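Grab your viewer and work through these exercises at your own pace. Each one comes with a solution taken step by step.

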Amino acid sequence: MAVAPGLAGAAQRGHVVQFYAREWELAACVGDYLAEALDAGCAVVVATPAHQLAFESHLAGMDADVAAARADGRYQAIDAADLLRRFAGAGQVDVASFEAEVGQVVRAAGAAGRPVRLYGEMVALLWEAGQLNAALELEGLWNDLARAIPFGLYCGYPEAPATGADQRAALAEVCRLHAAVVSTPSSTGRPARARATRSFPLDPDSPREAR
């Protein structure tokens, strides 16, 4: 995974990932990412309703007008589980349905020519359900879509120990499929807007070292 100098650099790199231990860490990092997205173009959030509220609360604390951004099409929030059900089920991902459903979301967001940044946690829902192969396939499909449509993508996974050999191998593959791992506030000790991304080896210990 390549080094990027900060969240802006991470967005330019494209597909980054954060492994978080505490909810506030995710809200702070993703909130900053979305604030930069709204400054430069538009933001799409594909998350649980609870995370949507946490991100929007963080944005409000930064004086971002989420209501105005939503009204003019610069901000969109989608329930991750609802969108996931449109193209995945029983541990299987339907490629054509992914391209139709998710591709339409990204294309619509960028229709006005604005840069698009997207936060997504559908992969994390699959991972938590034990559907590791489907999660990895979805990460690969995100990369395929990004080659066809330019956009930045930020994935969030709750941090958990990799207990089995299959899970450790899958976690290493998750790292390989991303350009960088986003460091959390506790690992850098920096103000929220100054967090950086770093490169790590393709190893299951990368999420822990990112902290």
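**Exercise 1: a histidine under cover**

His 15 is buried, with a relative accessible area of 7%. Keep in mind that this is a predicted model. Work out where His 15 sits and which residues it is in contact with, leaving aside its neighbours within four places in sequence.

*Solution.*
- Step 1: place the residue. His 15 is found in strand S1, which covers residues 15-20.
- Step 2: check the burial call. Buried means under 20% relative accessible area, and His 15 comes in at 7%, so it counts as buried.
- Step 3: look for polar partners. The side chains of His 15 and Asn 143 are joined by a polar contact of 2.6 Å. A polar atom of the His 15 side chain also lies 3.4 Å from the backbone oxygen of Leu 177.
- Step 4: collect the contacts. With neighbours within four places left out, His 15 touches Glu 139, Trp 142, Asn 143, Leu 153 and Cys 155, plus the run Leu 177, His 178, Ala 179 and Ala 180.

**Exercise 2: from Trp 142 into the core**

Start from Trp 142, one of the contacts of His 15, and find out which core it belongs to.

*Solution.*
- Step 1: list what surrounds the tryptophan. Leaving aside neighbours within four places in sequence, Trp 142 is in contact with His 15, Phe 98, Val 102, Leu 118, Met 122, Val 123, Phe 151 and Leu 153.
- Step 2: zoom out. Trp 142 belongs to the largest nonpolar core, which has 43 residues; Phe 87, Met 122, Leu 138 and Tyr 157 join Trp 142 as those with the most contacts inside it.
- Step 3: ask who supplies it. Helix H8 (residues 132-148) gives the largest share of this core, 8 residues.
- Step 4: look for a second cluster. Another core, of 23 residues, lies apart from it, with Val 16, Tyr 33, Leu 38 and Val 66 among its members.

**Exercise 3: a covered strand**

Take strand S6 (residues 116-120). Which strands pair with S6, and in what sense?

*Solution.*
- Step 1: count burial. In S6, 5 of its 5 residues are buried.
- Step 2: split the faces. Val 116, Leu 118 and Gly 120 are on one side, Arg 117 and Tyr 119 on the other, and both faces are covered.
- Step 3: find the partners. S2 (residues 42-47) pairs with S6 in the parallel sense over 5 bridges, while 4 bridges join S6 to S7 (residues 152-158), also running parallel.
- Step 4: use Tyr 119 as the marker. Tyr 119 stands opposite Val 45 and also opposite Tyr 154 in S7.

**Exercise 4: a helix and a loop**

Compare the span of helix H9 with its expected value, then decide whether Asp 72 is buried, exposed or partly exposed.

*Solution.*
- Step 1: H9 (residues 165-176) has 12 residues and reaches 17 Å from first C-alpha to last, close to the 16 Å expected at 1.5 Å a residue.
- Step 2: its buried residues are Gln 167, Ala 170, Leu 171, Ala 172, Val 174 and Cys 175.
- Step 3: Asp 72 is in the loop between helix H4 (66-71) and strand S3 (75-79). Its relative accessible area is 40%, so Asp 72 is partly exposed.
- Step 4: the C-alpha atoms of Asp 72 and Cys 42 are separated by 9.7 Å, with their places 30 residues apart along the chain.

Definitions and conventions:
Residues are numbered from 1 along each chain as its sequence is written. This is a predicted model: local features need pLDDT of at least 70, side-chain atom pairs count only at pLDDT 80 or more; totals for chains, interfaces and linings use all residues. Side-chain values use heavy atoms; hydrogens and water are left out. A nonpolar core is a set of buried Ala, Val, Leu, Ile, Met, Phe, Trp, Tyr and Cys residues joined through side-chain atoms within 4.5 Å. Buried means under 20% relative accessible area, exposed over 50%, partly exposed in between (1.4 Å probe, protein chains only). Helices (H or I, at least four residues) and strands (E, at least two) are DSSP runs, numbered from the N terminus. Contact means heavy atoms within 4.5 Å. The expected span of a helix is 1.5 Å times one less than its number of residues. Two strands pair if DSSP finds at least two bridges between them. A polar contact is a pair of N or O atoms within 3.5 Å; within protein, one must be able to donate a hydrogen and the other to accept it, and residues adjacent in sequence count only if both atoms are side-chain atoms.
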